[in-house]
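Here is a short, friendly briefing to read with the sequence and the 3D view open side by side. Please load the model and follow along topic by topic.

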Amino acid sequence: MLKHADSYNVIAIGAGPANLSLAALAAPILDISLNVLESSEKVKWHPGLLLAVAGIQTSPLKDLVTPADPTSAYSFLAYLHDKKRLYQAIVRGLASVTRSEFEDYLRWAAAKLANIQFGEHVSAVELRGEAFNIITNCRKYQTGTIVLGVGRVPSVPEWGRNAPPNEVFHGSTLLLRRRELSGKRVVVVGGGQSGAEIFLHLLSGACGPLGTLTWVTRRASIFALEDSPFVNEWFFPQHGDWFFDQSEAARKQTLERQSLASDGVNCSTLRAIYNTLYDREVHRQSYPAHVKVYVDTTAEDLRGMSPFRLDLRQRKTGTSSQHVADIVVLATGYRTEIPSFLEPIAGRLKVLNAPGGSQEIVVDKEFSARFDGPEKCRLYVQNGARLQRGIADTNLSLVPWRASQILNSIIGRVAYDCAPGTGVIEWSSVGFERAC
């Protein structure tokens, strides 16, 4: 039974890193009343991919708060200090933070925040006069400002959408249920970091001895993460501002060229895979493992039970071959979609079709949605504008900066300095002609 409507200045939907950052940065601001709604019973950050081999690709100093407020009590360093691990972490090196430890940090931060409501599934967002009505499984909320931070959804190729979910599944669900893979012919599709970690996890025997293990990617090789100092300036605020001002065609072209900066594989993971494959040759392991590159993977009909027949087409020559699999793990990335609970107001939102089947709500520079509704109603979008704001939008790098922008916009004053910091690359061409 729904309770009566509760009123808040701001309702944030989703308790992932984006809205946890918003809540942590909003904590010391007295003129904002913020409530975060999360459908899960606790913070979950890629729970199906918390593999022992999985590390984060971003510096942990790009946490929920540090780039916006290094003195915050919600920083990763404060977490390490609270856990009595700070000295040991300094010796080990902050470049070695695992995904499991970072998730524990997110849970620690959430536990310190009093305004996160777990177990509240949002079913609808409606307009009632000059306010939003938010309906959950527990109650109704009324607010003039919503901050959307629900994350992205797994991207599954069309040929895998009607397949049996226990045999053909997205890699993000790998650890969410017990799977019997011993003796099975397993194919991992996708050559990015997740595909690499899943392949190494299986190759290392975590799921027992397989029948065969094959890793396929449409890329020309298994490429390393682009992690040079100049490339990392793509994750600076000033690059996002420059990107926002470009044409849609230029943005798409730029994102294509930047793909390995967000979806290349850590060199340490590549070395571990290569060494493991080498050791298998030396010790003549019992089942074969293969890596196939520059291959498009398709299938005609996977609706029946395994074994499945996959069509592997060599992109260079166009030649095809069939590959038999009992299990197919899809490390095929994620896409942005408009949440179903926004359906009552979807007609008032401007939407942009983005690469990979994504749909983005069109936002302005402060991440406020283009919304044909009452002036007092504002909807902000977190980590859902990659085609508009650039490669860092769905990455951890600019989470505190974006949350700061949104908070400043909501309260109408500068609570956090969002001006660009120093950088080597000059993204703006203003003044170039005069300098010449």
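Strands E11 (residues 185-189) and E17 are parallel partners, joined by four bridges. Please keep in mind that this is a predicted model. The notes below start from that pairing, move out to the sheet and the helix lying across it, and then turn to some backbone angles and a pocket.

**The E17 strand and its partners**

- Within the pairing of E11 with E17, Val 186 has Ile 327 as its bridge partner.
- E17 also runs parallel to strand E10 (residues 168-170), and three bridges join the two.
- Two of the residue pairs between E10 and E17 are worth finding in the viewer: Val 168 has Val 328 as its bridge partner, and Phe 169 stands opposite Val 329.
- Which residues of E17 are buried on each side? Ile 327 and Val 329 are buried on one side, and Val 328 and Leu 330 are buried on the other, so to speak a strand (residues 327-330) with both faces covered.

**The whole sheet**

- The open sheet has five strands with parallel pairing, and their order is E10-E17-E11-E12-E13.
- At the edges are E10 and E13 (289-292), each of which pairs on one side only.
- Direction ignored, neighbouring strands of this sheet are turned by 15 degrees against each other on average.

**Helix H5 across the sheet**

- Helix H5 (residues 193-203) lies across E11, E12 (212-216), E13 and E17.
- The helix runs at about 165 degrees to E12.
- How many of the 11 residues in H5 are buried? The count is 10, so H5 is mostly covered.
- The buried residues of H5 include Ile 198, Phe 199, Leu 200, Leu 202 and Leu 203.
- Polar and charged names also appear in that buried set, among them Gln 193, Glu 197 and His 201.
- After H5 comes Gly 205, with a positive phi near 90 degrees.

**Positive phi outside glycine**

- Tyr 294 is not a glycine, yet its phi is positive, at about 60 degrees.
- You will find Tyr 294 in the loop between E13 and strand E14 (295-298).
- With a relative accessible area of 28%, Tyr 294 is partly exposed.
- Phe 367 is another residue other than glycine with a positive phi, here near 70 degrees.
- Phe 367 sits in the loop between strand E20 (358-361) and strand E21 (378-381).
- Is Phe 367 buried or exposed? Phe 367 is buried, because its relative accessible area is 1%, and buried means under 20%.

**The second largest pocket**

- The volume of the second largest pocket is about 360 Å³.
- Helix H6 (237-244) and helix H11 (399-411) are the elements that give two or more residues to the lining of this pocket.
- The lining has 17 residues, and those nearest the centre of the pocket are Pro 67, Pro 237, Leu 398, Trp 401 and Gly 421.
- By residue class, the lining of the second largest pocket divides into 10 nonpolar, five polar and two charged residues.

Notes. Residues are numbered from 1 along each chain as its sequence is written. This is a predicted model: local features need pLDDT of at least 70, side-chain atom pairs count only at pLDDT 80 or more; totals for chains, interfaces and linings use all residues. Side-chain values use heavy atoms; hydrogens and water are left out. Buried means under 20% relative accessible area, exposed over 50%, partly exposed in between (1.4 Å probe, protein chains only). Two strands pair if DSSP finds at least two bridges between them. On a 1 Å grid over the protein atoms alone, a cavity is a set of points where a 1.4 Å probe fits but cannot get out, and a pocket is an open set with protein on both sides within 12 Å along at least five of seven lines; lining residues have an atom within 4 Å of a point. Grid points are joined across faces, edges and corners, and a volume is the space filled by probe spheres set on the points. Axes are lines fitted to C-alpha atoms, for helices over the stretch in contact, and angles run from 0 to 180 degrees between N-to-C directions. Contact means heavy atoms within 4.5 Å.
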